[in-house]
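Here is a short briefing on the structure shown below. It moves from the ligand site to the overall layout, then to individual residues.

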Amino acid sequence: MIPSSFDYVRATSLAHAIGLLQKDPDGSKLVAGGHTLIPTLKLRLASPALLIDIGGIGELKGIQIADRIRIGALTTHAELLASEPLRTVLPIFHQAADLIADPQVRNRGTIGGSLANADPAADWPAVVVALKGELELAGPIGNRQVAARDFFVDIMTTALEPEEVLVAIHIPYPNAGAQFRYRKIRHPASGYAVVGVAVALRQQDGIVSEATIAITGATGRAFAADSASAHLVGKPLSTETIANAALLASEQAECLSDGYASADYRKHLVETEVSRALTSLTNA
Ligand SMILES: Cc1cc2nc3c(=O)[nH]c(=O)nc-3n(C[C@H](O)[C@H](O)[C@H](O)COP(=O)(O)OP(=O)(O)OC[C@H]3O[C@@H](n4cnc5c(N)ncnc54)[C@H](O)[C@@H]3O)c2cc1C
């Protein structure tokens with residue numbers, strides 16, 4: 001449980017961090033909250049020569065609410081939980097943060113670290129996919145934006161290049177009347193999502209006009225349940241519509257299997273959690 005030795009530099013700016021990464025992309029690791037990286041080093045699953053601490057970089061901090069919502073990569077789960085302005089506009093951040101681990105993890109862990117790490121059981125990936133977020137990545141040749149639904153490639157694999165830093169998450173300001181729900185079945189030991197479901201939905205005159213459902217935990221990467229979302233649009237959120245959408249979502253999920261939950265059980269949980277999330281919005 002003792003990591004290999006490494007050098008440590010506290011980056012003073014985004015440009016400084018990228019410059020350090022460029023010198024040795026494969027031998028360097030960024031550290032934000034350290035809640036995944038430090039255990040990984042202790043288990044010697046990674047042995048970087050250099051740790052680049054990005055925790056003091058101002059460009060990666062803060063929550064700004066304007067025509068779009070910008071959440072800096074270094075924003076902690078606790079800050080997302082506590083932000084009343086964010087809760088007013090996008091209550092799903094409060095719902096999801098409240099279900100992440102415990103206060104110690106929430107106080108240190110960052111949304112950027114969670115997204116960059118791309119653990120298939122992490123909560124934020126489903127939220128940013130459901131909200132049609134874009135992730136801003138900065139590298140040696142400038143900044144680029146990647147749609148959240150394209151960012152997650154596979155288990156612990158994202159669209160980030162080795163010399164890039166995740167700077168911020170940008171989310172469109174929701175239309176009036178938009179509703180949101182995040183639900184999950186927690187792993188009893190870690191709190192991670194065995195299956196987590198994020199829903200963004202809008203109803204006008206009793207008919208669903210917009211819907212996005214995203215799932216985490218079930219498969220190797222968070223995904224948008226497109227056929228289920230499309231099924232909802234143009235229909236009332238009836239018991240039958242919800243049941244059909246939940247089934248479509250579970251049919252799309254190519255589920256993981258592990259010692260805690262088989263693929264069949266996860267498929268079942270996708271169906272029940274999508275159903276429960278949508279049903280909760282009929283009463284909201
Ligand atoms: C006991 C425990 C329980 C947990 N339970 C949950 C849970 O219920 N739900 C959940 O979603 N998560 C859970 N987590 C994960 C935790 O919430 C953190 O989000 C996660 O560990 C990563 O965030 P971090 O800031 O600590 O990242 P770090 O550990 O610092 O970094 C993780 C990885 O991301 C990279 N990285 C970090 N920031 C950036 C960036 N800005 N740009 C590019 N790469 C970057 C690092 O190089 C590293 O590879 C749990 C963790 C622990 C220890």
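A polar backbone atom of Ser190 sits 3.3 Å from a nitrogen atom of the ligand. This is a predicted model. The protein is divided into three parts: domain 1 (7-53), domain 2 (58-172) and domain 3 (179-282).

**Ligand surroundings**

- The ligand has 30 residues around it, and Leu30, His35, Thr36, Thr110 and Asp123 come nearest.
- Leu37 places a backbone N or O atom 2.7 Å from an oxygen atom of the ligand.
- Gly191 also places a backbone N or O atom by a ligand oxygen, at 2.9 Å.

**Domains and cores**

- Between domain 1 and domain 3, the C-alpha centres are 35 Å apart.
- The largest nonpolar core has 38 residues. Those that touch the most other members are Ile71, Leu90, Phe93, Leu115, Trp124, Val127 and Leu131.
- Six residues of this core come from helix α8 (residues 124-130), which gives the most to it.
- Domain 2 (58-172) and domain 3 (179-282) each supply at least three residues to this core.
- Another core lies apart from it and has 28 residues. Its members include Ala211, Ile215, Ala245 and Val270.
- Leu115, from the largest core, has contacts beyond its neighbours within four places in sequence. These are Trp124, Pro125, Val128, Leu135, Phe151, Phe152, Thr158, Leu166 and Ile169.

**Helix α1**

- Helix α1 (residues 14-23) has the buried residues Leu14, Ala17, Ile18, Leu20 and Leu21. They lie on the same side of α1, because they cover an arc of only 160° around the axis.
- Ala15 and Lys23 are exposed, on the face of α1 turned away from its buried side.
- Five strands pack against the buried residues of α1: β1 (7-10), β2 (28-31), β3 (50-53), β6 (134-139) and β10 (165-172).

**Pro140, a loop residue**

- Pro140 is found in the loop between β6 and β7 (142-147).
- Is Pro140 buried or partly exposed? Its relative accessibility is 38%, so Pro140 counts as partly exposed.
- Pro140 is 119 residues from Leu21 in sequence. In space, their C-alpha atoms are 9.3 Å apart.
- Leaving aside neighbours within four places in sequence, Pro140 contacts Ile18, Gln22 and Glu163. Of these, Ile18 is among the buried residues of α1.

**Thr158 and Thr212, two strand residues**

- Thr158 belongs to strand β9 (residues 157-158). Its relative accessible area is 14%, under the 20% limit, so Thr158 is buried.
- The side chain of Thr158 comes within reach of the backbone nitrogen of Leu160, at 3.1 Å.
- Which residues does Thr158 touch, not counting those up to four places away in sequence? They are Leu115, Ala116, Ala118, Phe151 and Val153.
- Thr212 is part of strand β13 (residues 207-216). Thr212 has 11% relative accessibility and therefore counts as buried.
- Not counting neighbours within four places in sequence, Thr212 is in contact with Val129, Ala130, Lys132, Ala198, Val199, Ala200 and Ser229.
- Two of these contacts, Val129 and Ala130, fall within helix α8 (residues 124-130).

Terms used. Residues are numbered from 1 along each chain as its sequence is written. This is a predicted model: local features need pLDDT of at least 70, side-chain atom pairs count only at pLDDT 80 or more; totals for chains, interfaces and linings use all residues. Side-chain values use heavy atoms; hydrogens and water are left out. A nonpolar core is a set of buried Ala, Val, Leu, Ile, Met, Phe, Trp, Tyr and Cys residues joined through side-chain atoms within 4.5 Å. Buried means under 20% relative accessible area, exposed over 50%, partly exposed in between (1.4 Å probe, protein chains only). Helices (H or I, at least four residues) and strands (E, at least two) are DSSP runs, numbered from the N terminus. Domain bounds come from an automatic or database domain assignment. Contact means heavy atoms within 4.5 Å. The arc is that of the directions from the helix axis to the C-beta atoms. A residue is near a molecule or strand if one of its heavy atoms lies within 4 Å of it. A polar contact is a pair of N or O atoms within 3.5 Å; within protein, one must be able to donate a hydrogen and the other to accept it, and residues adjacent in sequence count only if both atoms are side-chain atoms.
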